[in-house]
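Work through the exercises below with the sequence and the coordinates at hand, and try each task before reading its solution.

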Amino acid sequence: MTIPSRSKMEANVVVLGADNVGKSALIVRFLTRRFIGEYGDIESVYNHNVTVAGRKVAFNIWEHAHAQNRLNQNSAKEKQIQWANGFVLVYSICDRASFNVVQQQIQFIKSMKDYPGTDKAPIIIVGNKRDLCHQRTVSSEEGRLLALATDCQFCEISAAETYHGVLLVFHGLVDRIKESKILVRRTAGIKSIIRSLSSVFTRI
């Protein structure tokens, strides 16, 4: 007997964060296993197919260029957020201002996305540049507390030093996206049952 393979899952991921926190380095490390340290401030979209826990996943990764003079021009970001079903928010552990940006972005995402019955948007907070601990201005505990307070997942990594940590970020996000899709389907099913019951009682 042949067991049918599970259908491919699509993960639309937006990567957000302040400038110079390592967003591009993180993405390229995930896509190619290689670390490249220098990038310009450009907006990019990447496509990548991988297998996560035996299931094929098609990643569509949209990197948002965060320029200071565009902070209040949110229309492009709104479009990204509505498109995405998962988010990676990156800050540098050496830059407290970038940590503050992530806090603002979490609130913006949660105000834009409608997850029925919950505010559990699939978000992973990433503290990058762990290899520069001697320059640290944001503690690991602050990152964990922010994640706990906002119902997000938290990882502290060095995209420069290790591929494994980066892999855990994107694989962990896939798990949260799957949980979110299951919740949406369950909520839709419950709403359908309620509508059917309402229709029956209306006719009685």
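**Exercise 1: a tryptophan pair**

At 15% relative accessibility, Trp-62 counts as buried, a value taken, like the others here, from a predicted model. Classify the burial of Trp-83 and the geometry of the ring pair that Trp-62 and Trp-83 form.

*Solution.* Begin with the cut-off: buried means under 20% relative accessible area, and Trp-62, at 15%, therefore counts as buried. Trp-83 has a relative accessible area of 30% and is accordingly partly exposed. Turning to the rings, the centres of Trp-62 and Trp-83 lie 5.3 Å apart and their planes stand at 75°, so the pair is edge-to-face. Finally, place the two partners in the chain: Trp-62 belongs to strand E3 and Trp-83 to helix H2 (residues 75-83), and the pair links distant parts of the chain, 21 residues apart.

**Exercise 2: a phenylalanine pair and its cluster**

Determine how many aromatic pairs a search of the whole structure finds, and then describe the pair formed by Phe-59 and Phe-170.

*Solution.* The search of the whole structure returns 5 aromatic pairs. One of them joins Phe-59 and Phe-170, with 6.0 Å from centre to centre and 90° between the planes; since planes over 60 degrees apart count as edge-to-face, the pair of Phe-59 and Phe-170 is edge-to-face. Phe-59 sits in strand E3 (residues 55-63) and Phe-170 in helix H5 (residues 163-203), so that distant parts of the chain, 111 residues apart, are linked by this pair. Next comes accessibility: Phe-59 is buried, with a relative accessible area of 1%, and Phe-170 is buried as well, with a relative accessible area of 0%. As a last step, widen the view to the cluster, in which Phe-30 joins Phe-59 and Phe-170.

**Exercise 3: two serines**

Locate Ser-92 and Ser-98 in the secondary structure, decide whether Ser-92 is buried or exposed, and find which residues Ser-98 is in contact with, leaving aside its neighbours within four places in sequence.

*Solution.* Ser-92 lies in strand E4 (residues 86-92), while Ser-98 lies in helix H3 (residues 96-112). The relative accessibility of Ser-92 is 2%, and Ser-92 therefore counts as buried; Ser-98, at 1%, counts as buried too. With neighbours within four places in sequence left aside, Ser-98 is in contact with Ala-18, Val-21, Tyr-91 and Ser-92. Under that restriction, the contacts of Ser-92 are Val-21, Ser-98, Asn-128, Lys-129 and Val-138. Reading the two lists together, Val-21 appears in both, and each serine appears in the list of the other.

Key: Residues are numbered from 1 along each chain as its sequence is written. This is a predicted model: local features need pLDDT of at least 70, side-chain atom pairs count only at pLDDT 80 or more; totals for chains, interfaces and linings use all residues. Side-chain values use heavy atoms; hydrogens and water are left out. Helices (H or I, at least four residues) and strands (E, at least two) are DSSP runs, numbered from the N terminus. Buried means under 20% relative accessible area, exposed over 50%, partly exposed in between (1.4 Å probe, protein chains only). Contact means heavy atoms within 4.5 Å. Rings of Phe, Tyr and Trp (its six-membered ring) pair if their centres lie within 6.5 Å; planes under 30 degrees apart count as stacked, over 60 as edge-to-face and the rest as tilted.
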